[in-house]
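Hi,

Here is the structure I promised to pass on. Have a look at it first, then read my notes underneath.

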Amino acid sequence: MKLAINNTQFNIVLLISIIGLSILSISWHHQTYTLYKQLKRATLDNHQIVALNKQLLSEHSQIISGTEIRESALIILNMKEVEEKDKGRWFDGRIAL
C-alpha cells in the first residue's frame, strides 16, 4: 500500500507542529522568567539575612565587655590570671617586647 500525502495535508501538519512548538516555547519562556524572579527574590532575601546577621553580630560584640570575656576564659577554658612572676623582671606595665 502506498501512502500518499498531498501538499495541503503536509502544510496542515506542518502548521499544527509549528503552532504547538510556539506554544511550548512561550510556556518554557514563562517558566524561565518565573524561575528568574524566584531566584532574584531568594538572593535578595539571602543578602538581607546576611546583613542582619552581621548587624546582630556587631551589636553582640559591642555588648560583650572585656571583663565578661576574661571571666568566661577563666571559667570555660580554665585559664589562670597573670601573676607578677609571669610578667618577668623587665616588665614595666607594657605588653610590648
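Below is what turned up when I went through it.

Before anything else, keep in mind that this is a predicted model. The average pLDDT for the protein is 83, and 80% of the residues score at least 70. That confidence isn't spread evenly: helix α1 has the highest, at 93, while helix α3 (residues 84-87) has the lowest, with a mean of 64. I'd keep those two values in mind while you scroll through the model.

Now for helix α1, which covers residues 7-63. How many salt bridges are there? The count comes to one. The side chains that meet in it belong to R41 and D45, with 3.2 Å from N to O. Both residues sit in helix α1, four residues apart, which is about one turn of the helix. Are they buried or exposed? Something in between, as it happens: R41 counts as partly exposed because its relative accessibility is 46%, and D45 also counts as partly exposed, at 29%. The cut-offs behind that are under 20% for buried and over 50% for exposed.

The other thing to look for is on the surface. L3, I5, F10, L14 and I18 make a nonpolar patch there of about 560 Å². One of these residues, L14, is found in helix α1. With a relative accessibility of 40%, L14 counts as partly exposed too.

So try finding two things on screen: the R41 and D45 pair, and the patch that includes L14.

Cheers

Notes:
Residues are numbered from 1 along each chain as its sequence is written. Side-chain values use heavy atoms; hydrogens and water are left out. Patches are made of residues with over 30% relative accessible area and no salt bridge: like charges are joined within 9 Å, nonpolar side chains (Val, Leu, Ile, Met, Phe, Trp, Tyr) within 5 Å. Accessible areas come from the Shrake-Rupley method with a 1.4 Å probe; for residues, only the protein chains shown count as cover. A salt bridge is a side-chain nitrogen of Lys or Arg within 4 Å of a carboxyl oxygen of Asp or Glu. Buried means under 20% relative accessible area, exposed over 50%, partly exposed in between (1.4 Å probe, protein chains only). pLDDT is the predictor's confidence in each residue, from 0 to 100.
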